[in-house]
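Visitor: Please give me a close look at one helix-to-helix contact. Then carry on to the empty spaces and the sheet.

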Amino acid sequence: MNNIITRTATKTLEKYLKIFPAVAILGSRQCGKSTLIKHFCKDDSNFVYIDMQDRRDLAKLQDPSLFFQANADKTICLDEVQLLPELFSTLRSEIDSDRRARRFVLLGSASANLIQKTSETLAGRIGMIDLTPFTITEVENELDYSLQRHWMRGGYPDSYLAFDDEASSIWRENFIRTYLERDIPQLGFSIAAPRMMRLLTLLAHEQGCTLNYSNIANSMGLTAPTIRHYIDILEQTYIVRILPPFFKNIRKRLAKTPRLYLRDSGLLHQILNISTFNDLLGHPVFGKSWEGLVVENVCSATTNAQHYFHRSANGDEEMDLVLEYPDKLIAIECKASTDPTPTAGFWKAIDTLKPNHSFIVCPIKEHYPIKDNITVSGIEHLTELISNT
């Protein structure tokens, strides 16, 4: 496999660096933000990289205005910038004094913190890019690509590229531990690591199910508002995805509680102690694991669409993913089977939603129609077909 996987965000990064004085690359820890910008600027002698977690680099910013002025002709990259929020007012002054493009690149792994600061102080001066772990689109053309490998290990570069499954598992175990014991406290949240680990385990068992904050709170002996706060932290640090229900232009009363997915299938499997594909095949989460993989890859590939699920209040019609564009609607059902059979609920959802096209996505390579505007497809074909169309 190539040492550097080409990221789909590269084209956006290239474009934004020509437009904005500052560009923010947001994504979970260890998803490849630093690698992306360092590789992009590898031949740029005017690129300066500052790691906010390195005390030697941090010392250079004791007087940030002086540092910025001394490097006024360079592109300055500030990694984990959310750890120094007081820097944003200085950044605003620097940018307002010189609005040239490509002055700053900000890397952050906590969207709520970083977006809040940038929206307050850098509005109109910054372009935002979301970066996920490796998507299937990014790795499917590699020589040793296999869907099963990506599904089992997830997309975090060090997990996906590990030399064997055991090394991948060890990396994921340490990622989870570091996230709970270091990353969350660094963001200013005082939450015991065992408590958050218990919540992650409960959520993993409920992968792809509608959120019931009260039930989770009762299981953990906490209040529903506390659980909401904890889940918000998980969402804003890119660990979980919240998928709202679709009810626009639908007269029927629909389920209005959101669904939750652990975004990375490898982390899901690690939390549930699923170490082999055979273990996954026999686990109750098997179908929801596939659903989560599809949801994450499709949502990452369609940043110009709104993402929902659809389920009637009585449960007689259901669609795993609905993509709403300004001029069309795409419906997606996930089936962890090589010979999928649409359910009655699928057909009823089609009648209600009236999508422009529908897909049944399963772990196959081929794709074929089963009815007008309804296609059975592998995930690779689907993500390539609908990627920001």
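**The α12–α13 contact and beyond**

Guide: From α12, the residues Tyr 213, Ser 214, Ile 216, Ala 217 and Met 220 meet Ala 224, Ile 227, Arg 228 and Ile 231 of α13 (contact: heavy atoms within 4.5 Å; helices: DSSP H or I runs of at least four residues; strands: E runs of at least two; both numbered from the N terminus). This is a predicted model, where local features need pLDDT of at least 70 and side-chain atom pairs pLDDT 80 or more, while totals for chains, interfaces and linings use all residues. Numbering starts from 1 along each chain as its sequence is written, and side-chain values use heavy atoms, without hydrogens or water.

Now the geometry. Helix α12 covers residues 213-220 and helix α13 covers residues 224-236. Their axes come within 8 Å and cross at roughly 100° (axes: lines fitted to C-alpha atoms, for helices over the stretch in contact; angles: 0 to 180 degrees between N-to-C directions). So α12 stands roughly perpendicular to α13 (65 to 115 degrees; under 35 is roughly parallel, over 145 roughly antiparallel, the rest oblique). Seven residues of this contact are nonpolar, one is polar and one is charged (nonpolar: Ala, Val, Leu, Ile, Met, Phe, Trp, Tyr, Cys, Pro; charged: Asp, Glu, Lys, Arg; polar: the others, Gly among them).

Next, the enclosed space. A cavity is a set of points on a 1 Å grid over the protein atoms alone where a 1.4 Å probe fits but cannot get out; a pocket is an open set with protein on both sides within 12 Å along at least five of seven lines; lining residues have an atom within 4 Å of a point. Points join across faces, edges and corners, and volume is the space filled by probe spheres set on them.

Two cavities of 30 Å³ or more are counted this way. The largest has a volume of about 120 Å³. Its lining holds 15 residues; nearest the centre are Arg 29, Gln 82, Ser 109, Asp 183 and Leu 187. By class, this lining has five nonpolar, six polar and four charged residues.

The second largest cavity holds about 50 Å³. Its lining consists of Phe 175, Ile 176, Tyr 179, Leu 200, Ile 239, Leu 267 and Ile 271. That makes seven nonpolar residues, no polar and no charged. Helices α10 (165-186) and α14 (265-271) each supply at least two of them. α10 gives the most, with three residues.

Now a pocket. The second largest pocket has about 550 Å³ of space. It is lined by 26 residues; Cys 31, Gly 32, Lys 33, Ser 34 and Thr 35 lie nearest its centre. Two or more lining residues come from each of α2 (33-40), β2 (47-51) and α9 (157-160). The largest share is six residues, from α2. The lining divides into nine nonpolar, nine polar and eight charged residues.

Last, the sheet. It is open, with six strands in the order β8-β9-β10-β11-β13-β12 and mixed pairing (strands pair if DSSP finds at least two bridges between them). β8 (306-311) and β12 (367-371) are the edge strands, each pairing on one side only. From one strand to the next, the twist averages 25°. β8 runs antiparallel to β9 (residues 318-324), joined by five bridges. Gln 306 stands opposite Glu 324 in β9. Across the six strands β8, β9, β10 (329-334), β11 (357-361), β12 and β13 (374-377) lies helix α17 (residues 344-353). α17 runs at about 35° to β9.
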